[in-house]
2 protein chains.
Amino acid sequence: MVSGPSNGLVGRGAPADVRRGLRSSSLWAVSREGVTPQSEDFSAWYNDVVLQSLLVDRGPVRGTMVIRPYGYRIWELIQADLDAKIKEAGHENACFPMFIPESYLKREAEHVEGFSPELAVVTHAGGKQLEEPLVVRPTSETVIGEYMAKWIDSHRDLPLLLNQWANVVRWEMRPRMFLRTTEFLWQEGHTAHVDEDDAMRETLWALDAYEKVSRELAAMPVVPGEKTPGERFAGAVRTYTIEGMMRDGRALQAGTSHYLGTNFAKAFEIDYQDENGELTLAHTTSWGMSTRMIGGVIMTHGDDKGLVLPPRLAPYQVVIVPLGRKEQAETTTAKAHELAAELKAAGVRVHVDDKRPQLSPGFKFNDWEMRGVPVRLELGMRDIDGGVVTLARRLPTVEGQGKEQIPLGEVAARVPAILEDFQAFLLRRAEEFREAHTAAVDTWDAFTEQVAGGWALALHCGQTSCEDEIKAETAATPRCIPAAGEAAEGACVKCGTPSAYGKRVIFSKSY
Amino acid sequence: MVSGPSNGLVGRGAPADVRRGLRSSSLWAVSREGVTPQSEDFSAWYNDVVLQSLLVDRGPVRGTMVIRPYGYRIWELIQADLDAKIKEAGHENACFPMFIPESYLKREAEHVEGFSPELAVVTHAGGKQLEEPLVVRPTSETVIGEYMAKWIDSHRDLPLLLNQWANVVRWEMRPRMFLRTTEFLWQEGHTAHVDEDDAMRETLWALDAYEKVSRELAAMPVVPGEKTPGERFAGAVRTYTIEGMMRDGRALQAGTSHYLGTNFAKAFEIDYQDENGELTLAHTTSWGMSTRMIGGVIMTHGDDKGLVLPPRLAPYQVVIVPLGRKEQAETTTAKAHELAAELKAAGVRVHVDDKRPQLSPGFKFNDWEMRGVPVRLELGMRDIDGGVVTLARRLPTVEGQGKEQIPLGEVAARVPAILEDFQAFLLRRAEEFREAHTAAVDTWDAFTEQVAGGWALALHCGQTSCEDEIKAETAATPRCIPAAGEAAEGACVKCGTPSAYGKRVIFSKSY
């Protein structure tokens with residue numbers, strides 16, 4: 001069995017083409033310059049991981065990204081689950097144009113004010129200057145509002161439950177892969193209802209769907225809650241969010257759901273004849289989850305070795321690395337494909353790493369760890385002779401648990417449960433991490449200390465000006481008023497005036 | 001049982017809110033001003049059908065469209081099938097940025113010349129003028145070429161098999177819903193290979209996949225073949241196409257696959273070290289199928305009553321219309337939902353039309369015929385008492401075959417086969433139509449007469465200038481050199497010089 005140096009990299013003595021392979025950025029032969037440790041520079045760690053694990057590449061224009069197959073597959077897995085939830089609840093997918101007349105955006109005053117600084121504008125097309133500039137959608141409330149007005153006449157047309165999977169553009173000053181890119185992918189739900197009750201039910205349905213996707217697929221124990229007025233979506237009456245804690249203690253907003261009241265209905269004349277024949281304004285909602293979610297997965301679970309992917313979102317849940325050279329490699333590779341077929345039949349996404357003979361086993365092991373594959377199976381001649389395969393989890397789910405050997409005949413039966421355990425372990429670990437880095441605080445000193453590396457639960461007066469002061473001093477913002485928060489009253493942690501929300505607010509630095 | 005006038009429209013004596021319902025453009029209550037007959041004005045028929053069947057609405061900007069849920073579902077069904085084929089053959093989905101630096105397009109001379117007139121350009125973003133204008137992708141060879149160059153080093157990195165599902169923008173002078181819209185949805189495959197042989201295998205694989213989707217899903221008996229040099233994609237060495245015949249005798253190009261040779265590899269430096277360590281140019285391909293396909297389905301199968309959808313692409317394969325009023329309606333609606341549950345369990349996409357009590361049964365029957373639903377089940381008290389349901393196909397698959405009654409207990413068992421028969425019938429009918437409207441011609445008079453209402457199989461000299469003359473005189477263009485065409489030689493039907501392709505070329509007016 002060939003075994004590389006302990007860091008798994010092929011040494012300086014390797015043939016030129018092998019070293020060349022290691023330097024390349026090609027699809028499978030990874031460049032391993034090493035990942036910056038999280039503790040040293042979390043932001044550099046993040047960039048190293050997203051690029052070296054081949055999730056993305058930098059786009060040709062500042063702030064854009066190329067989502068590579070390994071990253072896009074994660075998005076497809078999120079899409080499949082969320083799309084099924086959306087359809088099951090009666091929504092229908094549609095596709096609205098990406099170019100929106102500038103005049104549409106101006107109809108809702110808060111909305112245009114919020115989005116104006118981030119717009120990309122098409123001024124020329126077909127070789128001519130356009131009469132009216134076209135905005136590339138930053139979100140689609142305005143264009144969809146126009147059609148809701150056209151399609152809705154009667155209470156019988158409500159609720160109107162639409163969704164679209166689309167790309168949107170927001171010109172970002174401080175772009176970060178997945179988290180803030182000028183173009184990103186998302187779904188945006190847009191619905192119209194007879195009244196506030198029905199629209200609020202919808203708003204909270206979407207929030208619940210997002211929480212389920214986060215917890216069940218991404219193993220992210222997000223906290224659902226309402227945004228404070230200062231953090232609302234531009235044009236919304238109420239904004240709800242799910243907030244996840246990243247491993248540097250910051251919060252990530254992973255999905256939002258907005259009750260828009262009649263703001264857009266007024267701006268676009270979305271009205272209907274009610275059962276008594278009265279013309280009545282509809283109440284609308286909108287809600288979105290985006291490729292930003294992938295950034296959340298990376299920062300919730302990743303470590304100094306690289307990515308850690310929850311099995312339900314892993315493009316490869318299991319990678320089999322056949323070991324040995326020449327005839328031995330033929331035998332182990334053939335056996336690896338047999339195992340792969342059994343695992344595939346058991347519903348497992350599996351990959352056999354047999355196309356890179358120039359790389360050492362140690363390199364491959366490190367490579368798949370860096371790319372976050374939950375379970376690795378190592379298959380050498382000695383394993384086959386002993387009727388076993390060596391199984392290594394990306395992280396030990398039990399203290400001190402290292403590699404273990406599994407009888408070849410039991411692999412397909414046992415791996416699905418091992419993956420489920422790993423999924424559950426990641427959620428539990430993230431929950432424990434969040435709890436360990438969250439504290440209720442009642443003094444300003446305790447507040448500043450807590451938000452330096454975690455979440456502070458604090459009473460707040462509800463004034464946006466006070467939020468602004470907190471942000472200026474600590475970079476922390478109110479992330480949400482947690483839905484499940486216990487009742488609490490008292491003085492604002494910052495200004496001392498009476499608290500506003502009947503419970504503590506989560507404050508944190510955020511992405 | 002309530003029964004409307006023979007045309008199914010509610011009469012003038014109907015209550016105001018019912019008439020209002022009929023005039024509305026809301027999601028389910030269709031505006032039925034009637035469809036222009038195909039024979040009178042095929043183009044007007046097409047517009048009537050796409051709008052009245054609720055597939056699309058006109059977009060806010062000239063040349064754009066809103067794909068409504070009923071139309072988008074058809075696209076999702078095409079996507080699901082084609083995406084599975086693409087993945088099965090080893091391709092991986094990715095997502096490249098929509099904004100392409102103008103300079104990228106200029107690197108391949110023919111490519112930029114071909115697309116320049118159709119480009120939409122972003123000149124301002126984030127409140128500032130951009131240093132370099134950004135083109136909204138008309139197709140992605142250039143941006144993907146840039147990354148292929150970056151990702152490919154060695155022969156081990158090849159083939160590189162990428163695909164993306166995306167929106168693209170081509171500013172159209174003569175827009176038509178689905179067929180030519182300024183923004184449309186498509187998939188674009190982009191692959192790189194070690195040599196011409198491998199790249200040509202890929203090019204023809206994609207063509208074959210498109211033919212299968214067309215025949216098997218869309219019941220469109222398309223003809224695969226190669227484009228003449230004058231009709232090639234801008235930058236391609238060879239362009240292949242599938243051409244379908246529409247019911248006005250014109251051709252529709254429903255998918256194309258291009259062997260790009262080393263044209264883009266040269267422009268973007270897509271090279272690799274071969275097994276001997278030599279730096280070698282890769283050979284690339286690209287191929288695409290778009291929402292235009294939906295236009296092809298409409299014009300292949302539709303008739304004066306409206307849409308006719310092949311079951312495999314029908315959002316609703318079966319619609320059940322419960323009949324009767326009050327208590328009777330309760331009974332028939334309950335039974336309809338029972339039947340729907342049985343059909344759903346049998347894998348049938350089924351809808352119960354029970355939310356429009358204000359509309360007459362006749363109106364509903366016509367409405368679902370106009371919307372192209374393959375099978376309608378009418379369920380009245382008399383049917384239930386007799387233990388049957390009345391089944392009506394959108395078109396009689398056997399001459400003179402009208403409605404038939406099916407025992408309630410046999411519906412779920414028999415409907416899947418009825419749908420399969422209907423699917424096969426549509427393909428057969430379209431094949432017969434194409435054969436009846438295709439003829440080999442050897443004189444110019446016969447040519448002009450044939451292309452007035454169908455396809456002409458003619459010998460051609462292969463000169464682009466001669467193609468241009470034919471187009472100027474008859475509006476017909478060479479659609480393809482059919483792959484399965486018989487060997488033939490002789491004089492060009494237009495200029496009399498010797499023919500070029502060793503077989504006849506299909507000429508036709510086209511979309």
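This is a short tour of aromatic pairs, charges over rings and the chain A–chain B interface in a predicted model.

**Aromatic pairs**

Begin with the aromatic side chains of both chains. Over all chains, the structure holds 32 aromatic pairs. For one of them, select Phe422(A) and Phe425(A), whose ring centres are 6.2 Å apart. Their planes make an angle of 40°, and the pair is tilted. Show the backbone as well: both residues belong to helix α13 of chain A, which covers residues 411-436. They are 3 residues apart in this helix, so about one helical turn separates them. Now colour by accessibility. Phe422(A) has 0% relative accessibility and therefore counts as buried. Phe425(A) has a relative accessible area of 11% and is buried too, because the cut-off for buried is under 20%.

Next, go to chain B and select Trp444(B) and Phe447(B). Here the ring centres are 4.9 Å apart and the planes stand at 15°, so this pair is stacked. The reason for that label is the angle, because planes under 30 degrees apart count as stacked. Trp444(B) and Phe447(B) lie in helix α14 of chain B, residues 444-451. With their positions 3 residues apart in the numbering, they are separated by about one helical turn. Both Trp444(B) and Phe447(B) are buried.

Return to chain A and select Tyr70(A), Tyr316(A) and Trp368(A) together. These three residues form one aromatic cluster.

**Charges over rings**

Stay with aromatic rings, but add arginine side chains in chain B. Select Arg247(B) with Phe433(B): the arginine lies over the face of the phenylalanine ring, 4.8 Å from the ring centre. Then select Arg371(B) with Tyr70(B). Arg371(B) lies over the face of Tyr70(B), at 4.1 Å from the ring centre.

**Between the chains**

Finally, show both chains and select the residues at their interface. On the chain B side, 67 residues are in contact with 67 residues of chain A. The two chains bury about 5,600 Å² between them. Of this area, 58% is on carbon and sulfur atoms.

Add the polar atoms to see what else links the chains. Between chain B and chain A there are 22 residue pairs in polar contact, with both residues at pLDDT 80 or more. The count of salt bridges between chain B and chain A is 4. Which residue of chain B forms a salt bridge with Lys150(A)? Select Asp57(B): the closest N and O atoms of this salt bridge are 2.7 Å apart.

Conventions. Residues are numbered from 1 along each chain as its sequence is written. Chains are lettered from A and ligands numbered from 1 in the order in which they are written. This is a predicted model: local features need pLDDT of at least 70, side-chain atom pairs count only at pLDDT 80 or more; totals for chains, interfaces and linings use all residues. Side-chain values use heavy atoms; hydrogens and water are left out. Rings of Phe, Tyr and Trp (its six-membered ring) pair if their centres lie within 6.5 Å; planes under 30 degrees apart count as stacked, over 60 as edge-to-face and the rest as tilted. Helices (H or I, at least four residues) and strands (E, at least two) are DSSP runs, numbered from the N terminus. Buried means under 20% relative accessible area, exposed over 50%, partly exposed in between (1.4 Å probe, protein chains only). A charge sits over a ring if NZ of Lys or CZ of Arg is within 6 Å of the ring centre and within 35 degrees of the ring normal. Contact means heavy atoms within 4.5 Å. Buried area is the accessible area (1.4 Å probe) that two parts lose on being put together, summed over both. A salt bridge is a side-chain nitrogen of Lys or Arg within 4 Å of a carboxyl oxygen of Asp or Glu. A polar contact is a pair of N or O atoms within 3.5 Å; within protein, one must be able to donate a hydrogen and the other to accept it, and residues adjacent in sequence count only if both atoms are side-chain atoms.
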